Amino acid sequence: MAGIASKHLIRIEDLTVDEIYSVLENAATFKEINTRTIKKLPTLRGRTIINMFLEPSTRTRSSFELAEKRLSADSLNFSASSSATVKGESLLDTAETFDAMKIDMVIVRHRYGGSPWILAEAMDAHIINGGDGIHQHPTQTLLDLFTIQEAKGRIAGLTVGIVGDIYHSRVAGSLAPALKMMGARPICIAPPSYQPDVPEALGAEVSHSLDEALPDLDVVYLLRIQGERAQGLSVPSLREYATVYGMNQWRMDNLMKPDAIIMHPGPMNRGVEITPEVIADSRSLVLDQVNAGVAVRMAVMYQMLGGEGDVATAAR
Ligand code: CP
């Protein structure tokens, strides 16, 4: 079994390119297992994993939980509203409390960038970042890479437009550097107010015009405006934003390469960054991304915790 050298997965850069490819390879096997009637494997039997989601989540939380169950790990869900966090307990004290319970892995989502490092310092457990503030979301990136590789047959050499509120997006924070590592060409496409402070630090080029960039793109990766992280809109109105940066039927028919794919990490704001017609198009892979999420997270946890046997044997 190919392991992962880093104890924690907090930034996508914690993985080497070879490790990313091994996750994608194992995820393909887990994806096949997830189509079977019996989807459960014994590989992480006896391991304990805490899902510490201190910010809302539908996809990440449920896919980690499903992945843990399918690998036979024991899992515990921890949320802010039903915990001592509401009584003012700090993240550090929470981490030390769980460390005393001898758990193996924590999946953490938190509104503050860098909070997974606080857990990593305080605990013996492996830490996986399930999205921290506007910093990174590395397992989202792995499932995105998996989806791109499945659809296009490769990642290297592709031009990927990341379109929208990149400044507040942890998804973009890990996707852009990952694409660069894998030999693709990421372009941040957004108005100046939604561009990252230092796009070169993400390994990305910059464009302010979706219409100019679209004919070159192999992958159109749309982001929602992160209203919860900004003080109001950084564009004049959602209607104007949709007119200039929204992916719609006209742009798909007239400007996009016919074989380009359309992706979105969710949740989507229909009619803003993407129209219902685009979501329904066969080139829109939004639900393929969700499907890949369970398999990719199974592969990451399996490789980090050193699951029993190799995946191919377990899959027989
Ligand atoms: N893509 C993503 O992180 O979605 P959730 O917020 O639903 O987990």
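# Exercises on a predicted model

In this predicted model, the backbone oxygen of L41 lies 2.5 Å from a polar atom of the side chain of S72.

## Exercise 1: the surroundings of S72

Task: State where S72 is found, decide whether S72 is buried or exposed, and list which residues S72 touches beyond four places away in sequence.

Solution:

1. Begin with the chain path. S72 sits in the loop between helix 2 (59-70) and strand 2 (74-79).
2. Next, take the relative accessible area, which is 16% for S72. Buried means under 20%, so S72 is buried.
3. Then list the contacts. Leaving out residues up to four places away in sequence, S72 touches K40, L41, P42, L44, R45 and G46. For L41, there is also the 2.5 Å distance from its backbone oxygen to a polar side-chain atom of S72.

## Exercise 2: the elements around that loop

Task: Work out in which sense strand 1 and strand 2 pair, and what unit strand 1, helix 2 and strand 2 make.

Solution:

1. Strand 1 (residues 48-53) pairs with strand 2 in the parallel sense, over six bridges.
2. As an example of a bridge, I49 has S75 in strand 2 as its partner.
3. With helix 2 added, strand 1 and strand 2 make a β-α-β unit that is right-handed.

## Exercise 3: a sheet of five strands

Task: Give the order of the strands in the open sheet of five strands, and find which are the edge strands.

Solution:

1. The order is 7-6-5-8-9, and the pairing is parallel.
2. Strand 7 (205-207) and strand 9 (261-263) each pair on one side only, and these are the edge strands.
3. On average, neighbouring strands of this sheet are turned by 25° against each other, direction ignored.
4. At the strand 7 edge, three bridges join strand 6 to strand 7. I187 has E205 in strand 7 as its bridge partner.
5. Helix 5 (residues 138-152) lies across strand 8 (219-222) and strand 9, and runs at about 165° to strand 9.

## Exercise 4: the two sides of helix 8

Task: Find which residues of helix 8 are buried, and explain why they line one face of the helix.

Solution:

1. Helix 8 spans residues 238-245, and its buried residues are Y241, A242 and Y245.
2. Viewed down the axis of helix 8, the buried residues fall within an arc of 100°, so they line one face.
3. An α-helix has 3.6 residues a turn, so residues three or four places apart point the same way.
4. R239 and T243 are exposed on the other side of helix 8.
5. The buried residues of helix 8 pack against strand 5 (159-163), strand 6 (185-189), helix 7 (210-213) and helix 9 (249-254).

Definitions and conventions. Residues are numbered from 1 along each chain as its sequence is written. This is a predicted model: local features need pLDDT of at least 70, side-chain atom pairs count only at pLDDT 80 or more; totals for chains, interfaces and linings use all residues. Side-chain values use heavy atoms; hydrogens and water are left out. Buried means under 20% relative accessible area, exposed over 50%, partly exposed in between (1.4 Å probe, protein chains only). Helices (H or I, at least four residues) and strands (E, at least two) are DSSP runs, numbered from the N terminus. The arc is that of the directions from the helix axis to the C-beta atoms. Contact means heavy atoms within 4.5 Å. A polar contact is a pair of N or O atoms within 3.5 Å; within protein, one must be able to donate a hydrogen and the other to accept it, and residues adjacent in sequence count only if both atoms are side-chain atoms. Two strands pair if DSSP finds at least two bridges between them. Axes are lines fitted to C-alpha atoms, for helices over the stretch in contact, and angles run from 0 to 180 degrees between N-to-C directions. A crossover is right-handed if, with the strands pointing away from the viewer, the path from the first strand over the helix to the second runs clockwise.
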